[in-house]
Every structure is written in structure tokens, then in C-alpha cells.
Amino acid sequence: MERIMKAQALRDYSSLGYMAAKKHLDLNPDHCIIQELKKKADDNKNDKSVKDLVMLLFETSLLASGFSLEDPTTHSSRIHRMIELGRGIEDDGTVEEEVIDDLTPLEGDDAEASMMEEVD
């Protein structure tokens, strides 16, 4: 119902609060992910990666439940930060292209296959 109300062209914003589903996140405190997040949060309360992980957990559970995110760009930037953190990449704003020569060529990757088909 919430999605339908948001999609209405002439919606009344005052009634949107009544139609919005109340979201609850139930956590299993015995789950290894939750226990590890609790340990990391207790060690450093200002750790941005722990906050990002908790928000990713909440947002992915929203998506899995069929809800939509209010700001998907924030969600994707959190995912990118977690990938960088997991891979040990420090983002300094510069983009370097790595040339890899030892990759096997793709099937049909020759000059004739890459030419566009001529249309009469």
C-alpha cells in the first residue's frame, strides 16, 4: 500500500504517514554476525565501518522484505566503501587503470567479429 501511495501523481502527503508500514527489524542476538558487530561496536563506538555495516544490514533487510529505499545512492556508496575496506583499497579520489595483459581473449574476439553489421 505504501508503494501505491507514493506512486500516486496527486497524492496527499498528510495521509502518507498513516499508510506507511511500520518497519521492525528483529535480530537474533546469538547470530555470529550480530555478535561480531557488537564486539566491534563495543571496541570503538565511533567506527564508521560498524555504522555502515549496521545500516547495510537494515537496508538489505528492507529490500529483501519488498520495501524500497528512500536514498539508493547512499546504500550503493556504503556497499562501495565496504568493498574497498574488504579489499584493502584506500580511496584517495584518483582512478588508476590497471592493464592486464595475461587474460585469455574472449571467444569471437577478432577484428571481423567486432565490426558492425552493414545494413542495406
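How much accessible surface does the chain have, and what percentage of it belongs to carbon and sulfur atoms? The accessible surface comes to about 11,000 Å², and carbon and sulfur atoms account for 54% of that. Keep in mind as you look around that this is a predicted model.

Let's begin with confidence. Across the chain the pLDDT averages 75, and 57% of the residues score at least 70. Among the elements, helix α3 (residues 32-43) has the highest mean pLDDT, at 91, while helix α6 (residues 111-114) has the lowest, at 51.

Now for the overall layout. The secondary structure consists of six helices and zero strands, so the order from the N terminus on simply reads α-α-α-α-α-α. Of the 120 residues in the chain, 12% are buried. If you take the contacts between residues at least 6 apart in sequence, 32% of them join residues at least 24 apart.

A good place to look next is where α3 meets α4. These two helices pack at an angle of about 150 degrees, and their axes are 10 Å apart. Because an angle over 145 degrees counts as roughly antiparallel, α3 and α4 are described that way with respect to each other. The crossing in which α3 passes α4 is left-handed. On the α3 side you will find I34, L37, K40 and A41, which meet V50, L53, V54 and L57 in α4.

From there, follow α4 to its other partner in this tour, α5. Helix α4 (residues 48-64) and helix α5 (residues 72-87) pack at an angle of about 130 degrees, again with axes 10 Å apart. The angle makes α4 oblique to α5. This crossing, too, is left-handed. From α4, the contact is made by K48, S49, D52, L53, M55, L56, E59, T60 and L63; from α5, the residues taking part are H75, R78, I79, R81, M82 and L85. If you compare the two lists for α4, you can pick out L53, which meets α3 and also takes part in the contact with α5.

One residue of this second contact deserves a closer look. S49 lies in helix α4, and it touches M82 and L85, leaving out residues up to four places away in sequence. Is S49 buried or exposed? Its relative accessible area is 18%, and S49 is therefore buried, since the cut-off for that label is under 20%.

Let's finish in the loop between α2 and α3, where two residues are worth a visit. L27 lies in this loop and is in contact with I34 and L57, its neighbours within four places in sequence aside. Those two partners may look familiar: I34 in α3 and L57 in α4 belong to the residues through which these helices meet. L27 itself is partly exposed, with a relative accessible area of 46%.

H24 lies in the loop between α2 (13-19) and α3 as well. With a relative accessible area of 64%, H24 is exposed, because values over 50% earn that label. What residue lies 9.5 Å from H24, C-alpha to C-alpha, despite being 38 residues apart from it in sequence? That residue is L62.

Note on methods
Residues numbered from 1 in each chain as written. Predicted model: local features only at pLDDT ≥ 70, side-chain atom pairs only at ≥ 80, totals over all residues. Heavy atoms only, no water. Helix = DSSP H or I, 4+ residues; strand = E, 2+ residues; numbered from the N terminus. Buried < 20%, exposed > 50% of the residue type's maximum accessible area, 1.4 Å probe, protein only. Contact = heavy atoms within 4.5 Å. Areas by Shrake-Rupley, 256 points an atom, 1.4 Å probe, with all protein chains shown as cover. pLDDT = per-residue confidence, 0-100. Axes fitted to C-alpha atoms, helices over the stretch in contact; angles between N-to-C directions. Parallel < 35°, antiparallel > 145°, perpendicular 65-115°, else oblique. Left-handed = near helix turned anticlockwise from the far one by under 90°.
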